Every structure is written in structure tokens, then in C-alpha cells.
Amino acid sequence: MMKKSFARELLNLTWLSLSGTAGLVGAHHYYRKRSNPNAKISDYVSGALGVINSAIKPTIAFNNQTAKKVAAPNPANEDHVTKWLPRPVAWVSGVAAMPKLVMLDDNDAQDFGVVGIDNQRQLVWQTTMPERVHDIVVQPKPTLNQGDDAIKRHVVVMGRRPSERFWVLDNASGQVLHSIKAASDRHFYGHACFSLDGQTLYVSENDTVDLTGKIGSYDAQNGYQKTGEIDAHGIGPHELIMHPKGDMLIIANGGIKTEQASREELNLDTMQPALTYLDRQTGKLLAQITPQHNQMSIRHLDIHEDGTVMIGVQFQGEKHLNLPLVLTHKFGDDALLPLTMPNDNWHMFHHYIASVAVDSQHNLLCVTSPIGGVAAVFDLTSKKLIESISLPDCAGAATVVDDSANFIVSDGQGLLTTIGVDLSKQSVSVDHQNQRMSFDNHLQEVS
Amino acid sequence: MKKTHALAMAISALSAGLLVSCVKPNDNQAADSEQQKVSDNKAETQKATATADTEAVKITPVELSADTKKTYLTHVADDIVIPAYAKSAEQSLRLHDLTKTHCGSAPVTGDKLDELRAAWLELAKSWSAAEMINFGPATKSMSNLYINYYPDERGLVHQGVSDLIRANPNLTPEQLADESAVVQGVPGLEEALFANDRLDSGECAYVMSASSALNQRLTAIEKNWQENKTTLLAIDNVDNNQGLNKWFNSLLAMIETMKSSAIEQPLGLSGKAKGHLPAATAKQSREIVSAKLAVLNQVLTDPVFTAMLGTKGESEVGNKLSTALADTTTLLAQLPEDIGTADKANQQKLLEDLTTITRVIKRELMPTLGVRVGFNSTDGD
């Protein structure tokens, strides 16, 4: 008797729970559908399955069985192939050698790609690219863009300099939405940044006639059509970032004239690198600061939420000279300030910083050097090095949004390494995750 | 309210919350693949073909057990790396001792100078072989510049050494230790021994100090490897192939750097000439290139390695490599000591042969071993 009553209660409970769940999900879907016309009720099931899948199989292989394939509106065009899984993206990175891509012939083209990575450091999507790519820029806010079916957040994939193209992908699926060709007499120089409202993309460019630097602006709401151009006030603009106040563009003018075909540097003796601040609306030059040595090429930047610019330098001078390679600057200050290294050992980085990533919350900076085979973490409060980590061929660096670590570093041997910092002990801990691909120069967080 | 109803409400809220949170991050995501449209006609379209991980790969990767990897990496450390540094240290000591003997009656000229030059060449060849290891203590913080400042595109070594000797006619190893990398190591010694036909007392003091300082560096590197080989080659952690990646990428970097910096650029084989041949003052570039090729031959044909590639040491990629290496060695032997004086056709052929070796290593050998080809370290961007 007791057993029967319990079974009835259990059945009742199950029925009521299912009805309640269905009702609540239905209500959520009703409102969700209004902002996303393509939303489907089955998304809840696939989303849940994705979470379960990643929880029980954190090292799930990104293969054809689990990945979706993108439709082919024009099969004649074979520039991109995309595969994706329904999971949220935490980082995006360029890839110099996709898993399948060790070919025996000389055609390297399909080796290149872009990947979306989840917070477990597993691949969410991968899209092949027709050429090697450099920076991947994440749109700060989603906008309804012309030609898109729904609100999508974009990632912009810049070709490696000098390049004639950049591509706009959907952040969630990796689909290529737009392919933008450089204007005549212009080449893209590997980096870009969005305005804070996500509506304008600024791109570092090169005038191929007189080799002066330019900053092109592109309308994200209108298919990334070029809407204007301002002078970069320097040669060889590389990375550029937006000031947190949203009014200034900050440009790393590397100073190097590069021959297109050979990538040979043409002016190493006379180069004049500078950190340049421009009014993003008018193009007015607001400030320009030069480093202590004219061969300290300012190449890579990040910005602290307090407005301090983090600068990664690549030194182009004589090998034996020892000069600071990680600098900071705040608008209004006269000079670039170096961080400090024990025994002034800047040679640790072999004259080459590939990426800088700042953790504003904890006042920390991570820099990478693939040639030196090290990633290093600095305490921005003391300006001192906390620790360096041996990571051969590491280049990409980004912050980690959750509390699991502070930074993530990618390398050419397929490792995604998280770096956690214990400020009280001034030490770091690392955790490696291996992927079957060679990550390219830059890794960006999708916050 | 009945307990069952309250519990059902709680479960409903919880499960609905879970489902909602699971789908939320995907709201930015594109619609299902079959319904997807890329409406912008400027957009590149996408191909729907599957991209299997192994598709189009025409090689057969070998399965390497953890024990095999450990055994091989231990062999690399004990039988290749450490002896390479030991030999360099030994040769630097030999040059030092010989200089000490001959400089007792400075100036040194004629046969005695030739003996010192021959000792230098053995040192340069042994370091050339040891340079294949482009990680670890020898390259940490660019300390290898103190052993081989190459290429010296602005002629800093020539000027630096002569200025140093003039300013310090009784130079000691301690004084030299504080000097720039430009005036130290193998190129500095080459400058002192080959730039003139005699070695006076100041040059003698420099050669003794520089060879002594070099010996200390090389001995320290060898000791460091002996003490830290497990860490340096990740022998105790072979799961992610870190040690194999390091080792084979190092070999690849060595041959690629030699190809571009020591042959292609100085000989101007693909544009304007840049830099200089190795051992240019001594006019012994062939010996330096040969030494590098010899070590590559040693590494890639050694029985422990070939056993990894296939049963009974037989493998297509192994055979291809040994043939390419033999062809290049034969070609090199036919060239003059100063490769710069060889005819252009042979210079070009040498470059092509080295390109073939590079390609086989990069595209066949490394994938066969499951080793990833690094790229950022040679990126320059």
C-alpha cells in the first residue's frame, strides 16, 4: 500500500515538474524569439546536450561526427570551410597549421585558419582561411548589421601584413559573413580595433605608393564599407587600440618600411617608431612619443582600464644591445616608461615581444616571446617581473574571464596554457591543454 | 500547498533555469546549418565538404610509446647533445693550451700560426655542430651571442677586437668577461688569428683570454645539460610531445637558419646579397656548413632514431632523408673551401638540396613522428 502511494506521488511529481519546466521554457522562448527570430525550441535541448557533453568529455575531439558543417550557397568558392559545435566561445585565435593540413605538396593555402575556443580550451568552431592571418578582433557589442539575418557579434580576422583582405565572421559559429578587399594602393597591416560602440572598425593600413601609414575606418552596420581614412602619422602602423574613454585611437607606429614581396625591411637604420594618439573622429594628432632608441619598433599594444597603454617592442638593432622591450605610457606623460627585469635581462625575450595582455582587475601584464620561448608576467603595481615560464614558440596572450586563472597563452606547438598568479607569493601556476594545431600570433578573449 | 507541488515547482524552476542557461550563450549563434544564408553578396561563400583530420595526409604517422620517447630523448641528451658541448669545450681548451705554448715566443708566425688556425677551425666546426641545439642554457637570454656573434652585418667584430687589443695589450679573461658579446667567442678568435699573418703579444693575450672565457662558458653549458637534461628535453613528461617538438623544431630551425643566413642571403641567391658567409675571414665556410650537415646526418641516420621510424630501420621518409643528405654532402665536398668562390650553379644547387632536406623534415618526418612544426619564432611580425 505504502509502495503504491509512493509510486503515485513520484509520477505526480514528475508530471508536475515536466509541465512546469515546459511552461517556463516556453515563456522564455516566447520572449527570446522576439530578439532572435531564428531561435528554436530545440536550441534548449542541443544547448543542454552540449553542456553535458563538455562536462563529461572535456577533451572531446573536434571531429566530423560532432561538428556541424556550414551550408554552401556557392560551392564554386572554396575559400573557407567551417565546422562548429553549439558551445559558447571564450577566445578566438588564428591558426597557422590546421589539424589535417600537413600536405605533401607545396600548396600551403588551406593550412591557415581561425578557431573559436571554449572556456575548457576545446574547439568550438574552426574555419579555414585562404592566407595566413594575424590579429582577430572581437566586436565589443553585437549590432544588427546590414545583410545579417539576426543580431550577431562579429570577429574580424586580419590577414598577415601586407594583406589585401580581412574577413568578418560570426563569433558564435565561425561563419564568414563578409570578405573585405583593400582599396587600391592600400594594404592592410595585420591589426584593427572597434570603436567602443562596435559600429566602426579601424584598420592599420599602408599606402603602397608612398609607404606612409593610414588608418581606415569601416562601417560595421553597413557591410564594413570603407567610410574614411586618416593619417597614421608614421610608417608601418601595426596594432591599434581604442582608449577606454572612446575618443582616441592609439597606434603602434612600428617605423619600418617593408617591401611587399620579400617582407624585407628597407629602413632599419633610419626608422622612427612612435606611440601615436589620434582623435578618432578628426584624425588630429594629439600626442606622439618616441622610444629611447630609434630601432625599438613599437608593435603590440593593450590598454589597462585606467587608460595606461601597455607596449610590446621588437628591437631591430644590433643583437648584443640590451634595451627594454615592455613599456607603458599614459596620455599626457612625456616618456615611455619601461617595466623592470631582474639584472636588466631583457635579452630573455630575444629582442621580440609578440603579444601583450593586461589584466586590469589584478593589475597584471602578460607578454610573450616566441623566439625567447617564454611568457612572462609582470606586476604593474611594482613594475617588476613576477615570473617567466618556458613555453617554446608561444605568441598569443589573452586574459581569462573567470577566476580559474589570469591569462591564457597559445603557442605554435598546440598548447593552450593558462597562467594563474598568486600575488601574495609573487608566483605563477600553469596548466597546459594540447590541441592538434599550431596557433598563430594572436589570441583574443571574447568577453 | 502539498509538499509534492512545492517540490515540483522547485524542480521545474531549476530545470528550466538550467535549460535557459544552456541556450543563452548560443543566442548570438547563427541558425542551424541547413537554414543558414550568407546574404551579403560580397561575402565569401563556404564549402560544405567535411574536413577530416587526416584527410589528404599522405603519410603514415608512427605510434611511439612513452617508453620509446623517453629512451630516444635520453639518447639525444646523453649521446648527442652533451657530447656536442663537451667536444666544443675540449676544442676551446686545446686552442687555449696551444696558444699558451706558442705565445711563449711571440710573435707567432708560420707553422705555429697555422697550428693555431687549425685548432680554431676544429673549435669552429665543433661549435657549428653544437649550434643545432637552439634551446636550453646555450641560448637562454641570448647568451649564445657570447659564443658566436653571427652574422655580423656591420663588421663590428673586426673593429671591436682590434680596438680591444689596442686598449688592453695584456687582456685577462676577467677583463674580457665585462666586454660586449661582439668581441668574444669564435668570431673574435677568428678575427685575431686570421686577420693578420702574425700574432703579436697583445693578440696572444686576447686569444688566450678569449679561448679561456669560451671554455668556461662551454663547460658550464655542458654541466647544465648534465644536471638538467630531464627538464630540458621534457623526458619525464612525454605525453604532449614537448621534448620531441623541441628537439625536431630545433633541428629544423638550425637548417633553415643555415640555409638563409649562411648561404642564400650572403651569396645573394634570391635577391640582394646580405650578411656574410660563416668563417668568412678564415675563408672556411665549406667546413662550417659541412659540420652542420654532418650532425644532421648523425641525428637522422642514427640507429636509435631509425628504429623509431620503422621496423628494421626501414622507412620511406628515413630513406629519402639519408639520400638527400648524402647527395648534399657529396656536392659540398666538391665545392671550394670558400663557398663564395664556387660557381653560381653549384651555389644554387646547394641551396636547392638544403631546401629539399628542409621540406622532407618539415612535411614528412615531423608529421610522421607526430611532431608539430613551430612557426611563430621565425615569424618576424
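Which residues does L233(B) touch, not counting residues up to four places away in sequence? In this predicted model, the residues that L233(B) touches are L73(B), V76(B), A77(B), G243(B), K246(B) and W247(B). L233(B) itself belongs to a loop of chain B, the one between α7 (201-232) and α8 (242-264). Within 10 Å of L233(B) there are 27 other C-beta atoms, and 20 or more suffice for a residue to count as buried, so L233(B) is buried. One of the residues touched, L73(B), is 160 residues away from L233(B) in sequence, yet in space the two are 6.7 Å apart, C-alpha to C-alpha.

Chain B also offers a packing of two helices. Helix α2 (residues 66-102) of chain B packs with helix α3 (residues 110-130) of chain B at an angle of about 165°, and the axes of the two helices are 8 Å apart. Angles over 145 degrees count as roughly antiparallel, and α2(B) and α3(B) are therefore roughly antiparallel to each other. Their crossing is left-handed. On the side of α2(B), the contact is made by A84(B), Y85(B), K87(B), S88(B), Q91(B), S92(B), R94(B), L95(B), L98(B), T99(B) and H102(B). On the side of α3(B), the contributing residues include K112(B), E115(B), L116(B), W120(B), L123(B) and W127(B). By class, the residues of this contact comprise 11 nonpolar, 6 polar and 5 charged.

Attention now turns to chain A. This chain contains 30 strands and 2 helices. Of its 447 residues, 52% count as buried. When contacts in chain A between residues at least 6 apart in sequence are considered, 51% of them join residues at least 24 apart.

One sheet of chain A may be followed strand by strand. Four strands of chain A form an open sheet, in the order β14-β15-β16-β17, and their pairing is antiparallel. At the edges stand β14 (237-242) and β17 (285-289) of chain A, each of which pairs on one side only. Neighbouring strands of the sheet are turned against each other by 20° on average, direction ignored. The edge strand β14(A) is joined by 4 bridges to strand β15 (residues 248-253) of chain A, and these two strands run antiparallel. At the level of single residues, I241(A) has I250(A) as its bridge partner in β15(A).

Key:
Residues numbered from 1 in each chain as written. Chains lettered and ligands numbered in written order. Predicted model: local features only at pLDDT ≥ 70, side-chain atom pairs only at ≥ 80, totals over all residues. Axes fitted to C-alpha atoms, helices over the stretch in contact; angles between N-to-C directions. Parallel < 35°, antiparallel > 145°, perpendicular 65-115°, else oblique. Left-handed = near helix turned anticlockwise from the far one by under 90°. Contact = placed C-beta atoms within 7 Å. Nonpolar A, V, L, I, M, F, W, Y, C, P; charged D, E, K, R; others polar. Pairing = 2+ DSSP bridges. Buried ≥ 20, exposed ≤ 12 C-beta atoms within 10 Å, placed from the backbone.
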